[in-house]
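Here is my note on the model you sent. The points are numbered, so reply to them in any order.

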Amino acid sequence: MSNDFTPPPMPGYGPPVPPPPPPAPPGKSRTALVAVAAAVVAAAVSALVTVGVSGDAEAEPAPTVTVTETAAADGARADGTAPAADGEESGDGKDGADGGSDEDGVYALDDTAVYEPATEVALSGLKRAVTGEYAAPENTAYLKFTVKVKNGGEKALDVTQLTVNCSYGKDGKSSESVFDSDAGLEGGPETKLLPGRSLNVPWGCELPKGEKLIQIEVSPDFESDAAIFTGTVA
């Protein structure tokens, strides 16, 4: 028996290779990536909300923001207005009396109110008294005083327009004017005041014996603001 063995011939080709999968439609892979990213963001937000609600994690405090005002180089304020100069009060000036007191027209009982151009108003001779039986009001405690008006201008001043109003106490109770001919209290003047001259007008306002705080408002004419004199009397 022969020992020669001849192997069978090898096939020329291997098993058939399966075809590659069809390519994905354009834009499909990008859509999938966007969907995955959105899902990740939603999961992170959900986790933060869960932590905030459950209190498992302590929230960090928000940063503090401090706002500062930067002054301009020329000293102007941020709103564009210039600061008041040294010795000058800020705010608009007021018309009317402007002498010896605050700009709001309030004066002490012994002050003098000065109007433009040069009219002066002052009080003097404050003393307590009681009206007589023929006065109005009768048998009433009151404060008697003199209103002095000086015309320093160049034109006659119509002092027939002089007005005097009083109040007393911390609550500002209205004080009735007193008319008592026996005490020389007969109301305001009935003449004009020439330039360079002064006029003294006696006046009286109700003031109960237990009251000490008095407020006297004087206007020399209808065009002037009232000067408010206030203080305590013995």
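1. A residue counts as buried when its relative accessible area is under 20%. By that cut-off Cys 205, with a relative accessible area of 0%, is buried. Cys 166 is buried as well, at 7% relative accessibility. Please keep in mind throughout that this is a predicted model.

2. These two cysteines belong together. Cys 166 and Cys 205 form a disulfide, with 2.0 Å between their sulfur atoms. The structure holds one disulfide. Cys 166 sits in strand 5 (residues 163–168) and Cys 205 in strand 7 (residues 198–206), so the pair ties together parts that are 39 residues apart in sequence.

3. What is the handedness of the disulfide of Cys 166 and Cys 205? The torsion about its S-S bond is about 55°, so the disulfide is right-handed.

4. Now the fold. The chain has one helix and nine strands. Along the sequence the helix comes before the strands, in the pattern α-β-β-β-β-β-β-β-β-β.

5. On contacts, consider those with a separation of 6 or more. In the chain, 60% of these are between residues 24 or more positions apart.

6. Next, burial and surface. The chain has 234 residues, and 25% of them count as buried. The exposed area of the chain is about 16,900 Å². Carbon and sulfur atoms supply 55% of that area.

7. The largest pocket holds about 280 Å³ of space. Its lining consists of 16 residues. Which of them lie nearest the centre of the pocket? They are Glu 116, Pro 117, Thr 119, Leu 157 and Asp 221. By class, the lining of the largest pocket divides into six charged, five polar and five nonpolar residues.

8. Cavities are a separate matter. The count comes to one cavity of 30 Å³ or more. The largest cavity has a volume of about 30 Å³. Three stretches of sequence supply its lining: Ser 177, Val 178 and Phe 179; Leu 185, Glu 186 and Gly 187; and Pro 202, Trp 203 and Gly 204.

9. The lining of the largest cavity has five nonpolar, three polar and one charged residues. Pro 202, Trp 203 and Gly 204 from this lining fall within the residue range of strand 7 (residues 198–206), which also holds Cys 205. When you view the disulfide, then, look at the cavity lining too.

Methods. Residues are numbered from 1 along each chain as its sequence is written. This is a predicted model: local features need pLDDT of at least 70, side-chain atom pairs count only at pLDDT 80 or more; totals for chains, interfaces and linings use all residues. Side-chain values use heavy atoms; hydrogens and water are left out. On a 1 Å grid over the protein atoms alone, a cavity is a set of points where a 1.4 Å probe fits but cannot get out, and a pocket is an open set with protein on both sides within 12 Å along at least five of seven lines; lining residues have an atom within 4 Å of a point. Grid points are joined across faces, edges and corners, and a volume is the space filled by probe spheres set on the points. Ala, Val, Leu, Ile, Met, Phe, Trp, Tyr, Cys and Pro count as nonpolar, Asp, Glu, Lys and Arg as charged, and the others, Gly among them, as polar. Helices (H or I, at least four residues) and strands (E, at least two) are DSSP runs, numbered from the N terminus. Buried means under 20% relative accessible area, exposed over 50%, partly exposed in between (1.4 Å probe, protein chains only). Contact means heavy atoms within 4.5 Å. Accessible areas come from the Shrake-Rupley method with a 1.4 Å probe; for residues, only the protein chains shown count as cover. A disulfide is a pair of cysteine sulfur atoms within 2.5 Å.
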